[in-house]
Amino acid sequence: MQISIPYGNSAKAVFAIPDQNYYGMLEPLQVTPADDPVLEIEKAIDNPIGCPSLKDIVKYDRRVNIICDDISRPTPISLILPTLIKKLKEIGVSDSNVKIVMALGSHRYMTENEMRQRVGDDIYQNYKVVNSEFRKKENLIYLGTSRDGVEIHVSKEAMDCDIRIGIGNIVPHPVMGWSGGGKILFPGVTGEKTVAQFHMQGGMSNENLYGREECLIRLNMEEWVDIVGLHFVINTVLTPKMAIYKVVAGHYIKAHREGVKHAKVALGCKMRTNVDIVVVSSYPADIDFWQSGKGMFSAEHALKDHNGTIVLVTPNYEGIGPHDEYPKYFGMDNAEKILLRAYRGELVEGDPLAISVGTSMSKLRRRVNLVMVTDGVTEEEADICKIKHYPLCRLQQAVDDAMAKYENPLVAAASHGGELFIYNGV
C-alpha cells in the first residue's frame, strides 16, 4: 500500500506499507466548512456565549487592545479583524483607541512584514500593530502571584487599555489540553518567567495532556485570567484544509468549552484498535521542532502500549526553534530533577522554557520509541535528543526499520498530526 502524507504546506511524503500491516489513515472527519465565513464570524460576535454583548462591554470612549495569536498559528486573523473592527466602529470606538497586539508567548518576535500579512494591509496601515513583550523586564508589568504560585508578569503592550479582546484558534495542546480561550493571555502576552512556569507545570505531568478537556493546568490558568482581564474572546475551529468550520465568541471559559465541542468533531479521529507504529505528519505545526513535536503527542494516543513507535515526518522549516537548549533536555533522562529545582525557585543554569518542554519530551521519549524524518533538523541535533533521525529521502527506510523491530506490526499513518485528536471508540 502506497501512502502519502503532508510534508509542510505544499509537499507530500510518500512511503509504502504491506497491505496486511496497514491499519489505515488517521485523519480528521471531512466536516463541511461554513458557507459564508464572514457571516459566521459576525454571527458569533453578535451572539456571545456566557457574557453580555460587545456593545454592552465596550463603550465608545474605551481603549481596546485586540490580542491575536502569532504567525505560528493558522487562525484567520486577517478575516476576523475587519468584522470585529467594524463592530467597534458601530459602537463609536475611534481608530486611535484600537491597538492590535501579537501574542508571542515565548516565540520569536514577528517581523513587520509578518505582522502586515497577519492582519492585512489595510489594518496594518491604519492601526497600531505591535509584538507582545516577553524578554525585556522594563516592558513587563508584575501583577502579583496566583494561588498556584505563578508570578504574573504581563507585557505592557497588552495592559495599556480598558478592554482586552482575544482572538485565537482551538486545537489540541500538549500542556493545556486545548488551545484557545484564556490561553491568549497565558502564556500569550506574559513574560518569559511566567511562560516558563506554565510550561514547567506541563513538564511535571506524567501523562499525555494533549486533547484532555479541562486538564488541571488549564483550570489553574483560568483562575487568574481575570487578574489581567480578558473581556471577550473570538475563537475559530478550522477544517483540516484551514477553512472556517465554526466560530464561537464571548466569555473566555464558556465560549471556549463550546468551541472545544466543535473542535472534537472537526479534528477528531476515532480508532477501532490501537497500533504498534504511527507514521505521523506534523502538519500544520511545521515551522520548527518546538511546534512539530505536537505530532508526537497526538500520535501517542494511537499506540497499543509503551513499546510503540512514532515516526514523525516534518519539515521543521526553522530548525529546532526559538530555544537552542531544547535538544539537551529532550535527551536527558533526569531532566525532571532540574525542572523541579527551577520550579521551586532555585537558581538553575539554562533556559527554563527549554528545560520545561524538554522534560515533557524526555518523558515521552522514555514512554515510546521516537523517530524523526526531517530535512530541517540535523542528525547531530536528533542525536542530542536521543531519537533516531532520517532525512526525507530515506523515509521508506525509516518505516522499514521501525517495522523490523516487531513481529507482524500494525501500522497507521496520520495526515494532520499537529492538530489531530485521536480517541478510542467502538
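These questions and answers concern two helices and one tyrosine in a predicted model.

Reader: What makes helix α1 oblique to helix α3?

Author: The axes of α1 (residues 37–46) and α3 (residues 77–91) cross at roughly 45°. Angles under 35 degrees count as roughly parallel, and 65 to 115 as roughly perpendicular. The crossing angle belongs to neither range, so α1 is oblique to α3. The two axes come within 10 Å, and the crossing is right-handed.

Reader: Which residues make the contact between α1 and α3?

Author: From α1 they are P37, V38, I41, E42, I45 and D46. From α3 they are L79, I80, T83, L84, K86 and K87. By type, the residues of this contact divide into 7 nonpolar, 1 polar and 4 charged.

Reader: Why is Y390 called buried?

Author: Buried means under 20% relative accessible area. Y390 has a relative accessible area of 3%, which is under that limit, so Y390 is buried. Y390 lies in strand β18, which covers residues 388–390.

Reader: What does Y390 touch, not counting residues up to four places away in sequence?

Author: Y390 touches V371, M372, V373, T374, Q397, A398 and D401.

Reader: How do you know that the side chains of Y390 and D401 are joined by a polar contact?

Author: A polar contact requires a pair of N or O atoms within 3.5 Å, one able to donate a hydrogen and the other to accept it. The contact between the side chains of Y390 and D401 is 2.6 Å, so its length falls within the cut-off.

Technical notes: Residues are numbered from 1 along each chain as its sequence is written. This is a predicted model: local features need pLDDT of at least 70, side-chain atom pairs count only at pLDDT 80 or more; totals for chains, interfaces and linings use all residues. Side-chain values use heavy atoms; hydrogens and water are left out. Axes are lines fitted to C-alpha atoms, for helices over the stretch in contact, and angles run from 0 to 180 degrees between N-to-C directions. Helices (H or I, at least four residues) and strands (E, at least two) are DSSP runs, numbered from the N terminus. Angles under 35 degrees count as roughly parallel, over 145 as roughly antiparallel, 65 to 115 as roughly perpendicular and the rest as oblique. A crossing is left-handed if the near helix is turned anticlockwise from the far one by less than a right angle, and right-handed if clockwise. Contact means heavy atoms within 4.5 Å. Ala, Val, Leu, Ile, Met, Phe, Trp, Tyr, Cys and Pro count as nonpolar, Asp, Glu, Lys and Arg as charged, and the others, Gly among them, as polar. Buried means under 20% relative accessible area, exposed over 50%, partly exposed in between (1.4 Å probe, protein chains only).
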